[in-house]
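I opened a fresh page for this protein and kept short notes as I went. Come along and check each one against the picture.

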Amino acid sequence: MMQIVDALHEGGLLNYWGFSYGSALGATVAAMFPERMGKVVLDGVLNPVDYFSGRDISQLTATDLSFDGFFTGCVANPDMCALAQLTMDAGELSEKVYGLIYHLKYNPFVTGPDA
């Protein structure tokens, strides 16, 4: 990354905006080359120690909360969410969707022009 900055001949500082995985990348580059950093924005910061050691449980928790919010919003607005036709209970909808995902994991099917 720093070779690209050098090749641009624009002062030698990296201006960086990272989100999600990019926040881990940006934090790593900033730790390695603090004197080469210009403006830095890290959005969606994660715990780099947990991330790089493969133990980033907080990401999984956040994902579950996002899905829970989606299912709750879906059943609260059935006219805007076709999945709400399956049930009017967010917990039951969650079970149905996760059940479908589990089924597809072990019983995949091919789609597209070559199917």
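**Entry 1: overall form.** I began with the radius of gyration, which is taken over C-alpha atoms; the globule rule I set beside it is 2.2 Å times the number of residues to the power 0.38. I kept in mind that this is a predicted model. For 115 residues, a compact globule would come out near 13 Å, but this protein has 21 Å. I then looked up the box that its C-alpha atoms fill along the principal axes, and it is roughly 60 × 35 × 30 Å.

Next I asked how much of the protein is buried, and I found 22% of the 115 residues. The accessible surface comes to about 8,600 Å². Carbon and sulfur atoms own 62% of that surface. I also checked contacts between residues at least 6 apart in sequence, and 35% of them join residues at least 24 apart.

**Entry 2: confidence.** How far does the predictor trust its own model? I noted a mean pLDDT of 88 for the protein, with 96% of its residues at 70 or more. Confidence is lowest in helix H3, residues 48-52, where the mean is 78. It is highest in H5, with a mean of 93.

**Entry 3: helices and strands.** I found 5 helices and 2 strands. Reading along the sequence, I wrote down the pattern α-β-α-β-α-α-α.

**Entry 4: the largest core.** Which residues make up the largest nonpolar core? I listed 8 of them: Phe-71, Cys-74, Val-75, Cys-81, Ala-84, Ala-90, Leu-93 and Val-97. Helix H4 (57-76) supplies at least two of these residues, and so does helix H5 (90-106). I also found a second, separate core of 6 residues, with Met-2, Val-5, Val-29 and Met-37 among them. A reminder I put in the margin: in soluble globular proteins, nonpolar side chains tend to be buried together.

**Entry 5: two members of that core.** I picked Phe-71, which is found in helix H4. Is Phe-71 buried or exposed? Its relative accessibility is 2%, so I filed Phe-71 as buried, the cut-off being under 20%. Leaving out residues up to four places away in sequence, I saw Phe-71 touch Ala-90, Leu-93, Ser-94, Val-97 and Tyr-98. I also looked up its separation from Cys-81: the two are 10 residues apart in sequence and 9.5 Å apart in space, C-alpha to C-alpha.

Then I turned to Ala-84. With neighbours within four places in sequence set aside, Ala-84 is in contact with Cys-74, Val-75 and Pro-78.

**Entry 6: the disulfide.** I searched the whole structure for disulfides and found 1. It joins Cys-74 to Cys-81, with an S to S distance of 1.9 Å. Both Cys-74 and Cys-81 are buried. Which hand does the disulfide have? The torsion about the S-S bond of Cys-74 and Cys-81 is about -85°, so I noted it as left-handed.

**Entry 7: the loop between H4 and H5.** I stopped at Leu-86, which has its place in this loop. Leu-86 is partly exposed, because its relative accessible area is 48%. Apart from neighbours within four places in sequence, Leu-86 is in contact with Leu-93 and Lys-96. The C-alpha atoms of Leu-86 and Val-75 are separated by 9.3 Å, and these two residues are 11 apart along the chain.

Asp-89 lies in the loop between H4 and H5 as well. Its relative accessibility is 40%, so I counted Asp-89 as partly exposed. From Asp-89 to Gly-22 I noted 36 Å, C-alpha to C-alpha, with their positions 67 residues apart in sequence.

**Entry 8: two exposed residues.** Where does His-9 lie? I found His-9 in the loop between helix H1 (2-8) and strand S1 (14-19). Its phi is near 55°, a positive value in a residue other than glycine. His-9 counts as exposed because its relative accessibility is 72%.

My last stop was Lys-105, in helix H5. At 60% relative accessibility, Lys-105 counts as exposed. I looked up Phe-33 as its partner for distance: the residues are 72 apart along the chain, and their C-alpha atoms are separated by 42 Å.

Terms used:
Residues are numbered from 1 along each chain as its sequence is written. This is a predicted model: local features need pLDDT of at least 70, side-chain atom pairs count only at pLDDT 80 or more; totals for chains, interfaces and linings use all residues. Side-chain values use heavy atoms; hydrogens and water are left out. A nonpolar core is a set of buried Ala, Val, Leu, Ile, Met, Phe, Trp, Tyr and Cys residues joined through side-chain atoms within 4.5 Å. Buried means under 20% relative accessible area, exposed over 50%, partly exposed in between (1.4 Å probe, protein chains only). Helices (H or I, at least four residues) and strands (E, at least two) are DSSP runs, numbered from the N terminus. Contact means heavy atoms within 4.5 Å. pLDDT is the predictor's confidence in each residue, from 0 to 100. A disulfide is a pair of cysteine sulfur atoms within 2.5 Å. Accessible areas come from the Shrake-Rupley method with a 1.4 Å probe; for residues, only the protein chains shown count as cover.
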